[in-house]
Amino acid sequence: MVYNYSEDLKVAKEAAEKASEIIRNYSTSESFSVRLKGKNDLVTEADVASEKEIISTIKKAFPVDEFLAEESNTKTKLPDGRVWIIDPIDGTTNFAHGFPVYCISIALWVDGVPKVGLIKEVAKGELFWAIAGEGAFLDGKEIRVSKTSDPSTSLIGTGFPYTAFKDVDKYLNLLRNLMQNTHGIRRPGAASYDLCCVASGRFDGFFEYGLSPWDVAAGALIIQEAGGLVTDWNNGEDWLFGKSIIAGNADMVQFLQTQIDQHFK
């Protein structure tokens, strides 16, 4: 019997909507606490409250499921069974400064395989989701990755290093080359949203390093269900815990892999 993940998606949507309301309320308040977990790594009251609400909502429906969440659990590998991977606010620095974009990211992985992915861009209210084998959607409309195969006409998304700077010179050289060989580079500041931009064809490709599982667990599935590819910087599959990712259609992934190899290998 094939398991139907529609109920899991329904619960994820409910959790995201409740958390969105919490985040919106904080965004309009006069002040909220902000602290540093590490250099340039912020956490706000809204992050903590959002995560608490998401986990509470999911636990009511699935009490024995496990969680990997940014503010409360930092497993270094996925346990067997059902695991929800959660980023309560991806783009916390944007949120803390009152700058959109910031997202809620919720993914369900089962025995190491992504099954459900949901990302809500809170400021604008866009809702992206996917169930494995059932396609990817934005606000109910099916989405597909870009068909662009010519890098010179592509728009590329990325994220800037903000905690680890040892490779920043290599990264800047890579950016310089991409600026000269594409239509441009964009950096919204939330990797989950960047991945959704790839899935919906807004970006032709995306690359970043220094990421965590909750940044990519949902967005990668959405890209795959939209017909795209996701790899790490070694052209492998270690993008969940491997801290690097490339995404796009096959041509753009190959282009970005070649560019990265030239500057980081």
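Which hand does the crossing have where H1 passes H2? I started my notes there, keeping in mind that this is a predicted model.

**Entry 1: H1 and H2**

I looked up the handedness, and H1 passes H2 in a right-handed crossing. I then pulled the geometry: the axes of H1 (residues 6-27) and H2 (residues 45-61) come within 9 Å, with a crossing angle of roughly 155°. That makes H1 roughly antiparallel to H2, because angles over 145 degrees count that way.

Next I listed who touches whom. From H1 I noted Val11, Glu14, Ala15, Lys18, Ala19, Ile22, Ile23 and Tyr26. Across from them, H2 brings Glu45, Ala46, Ala49, Ser50, Glu53, Ile54, Thr57, Ile58 and Ala61. Sorted by class, I get eleven nonpolar, two polar and four charged residues for the contact of H1 with H2.

**Entry 2: H5 and H6**

I ran the same lookup on another helix pair. The axes of H5 (residues 191-199) and H6 (residues 213-225) come within 8 Å and cross at roughly 5°. So H5 is roughly parallel to H6.

On the H5 side, I wrote down Ala191, Ser192, Leu195, Cys196, Val198 and Ala199 as the contact residues. H6 answers with Asp215, Val216, Gly219, Ala220, Ile222 and Ile223. The class count for this contact of H5 with H6 is nine nonpolar, two polar and one charged.

**Entry 3: cysteines**

How many disulfides does the structure hold? I got zero.

Why is there no bond at Cys103? I checked its sulfur: the closest cysteine sulfur is in Cys196, 6.6 Å away, which is too far for a bond, since a disulfide needs the sulfur atoms within 2.5 Å. Cys103 counts as buried, because its relative accessibility is 0%.

I went on to Cys197. It is in no disulfide either, and the nearest cysteine sulfur, again that of Cys196, sits 7.2 Å away. Cys197 also counts as buried, at 3% relative accessibility. Cys196 had already turned up in my notes as one of the H5 residues in the contact with H6.

**Entry 4: Val113**

Last, I looked at Val113, which lies in strand S6 (residues 113-121). Is Val113 buried, partly exposed or exposed? I have it as partly exposed, because its relative accessible area is 38%, and the band for that label runs from 20% to 50%.

I also took a distance from Val113 to Ile185. They are 72 residues apart in sequence, and their C-alpha atoms are 31 Å apart in space.

Key. Residues are numbered from 1 along each chain as its sequence is written. This is a predicted model: local features need pLDDT of at least 70, side-chain atom pairs count only at pLDDT 80 or more; totals for chains, interfaces and linings use all residues. Side-chain values use heavy atoms; hydrogens and water are left out. Axes are lines fitted to C-alpha atoms, for helices over the stretch in contact, and angles run from 0 to 180 degrees between N-to-C directions. Helices (H or I, at least four residues) and strands (E, at least two) are DSSP runs, numbered from the N terminus. Angles under 35 degrees count as roughly parallel, over 145 as roughly antiparallel, 65 to 115 as roughly perpendicular and the rest as oblique. A crossing is left-handed if the near helix is turned anticlockwise from the far one by less than a right angle, and right-handed if clockwise. Contact means heavy atoms within 4.5 Å. Ala, Val, Leu, Ile, Met, Phe, Trp, Tyr, Cys and Pro count as nonpolar, Asp, Glu, Lys and Arg as charged, and the others, Gly among them, as polar. Buried means under 20% relative accessible area, exposed over 50%, partly exposed in between (1.4 Å probe, protein chains only).
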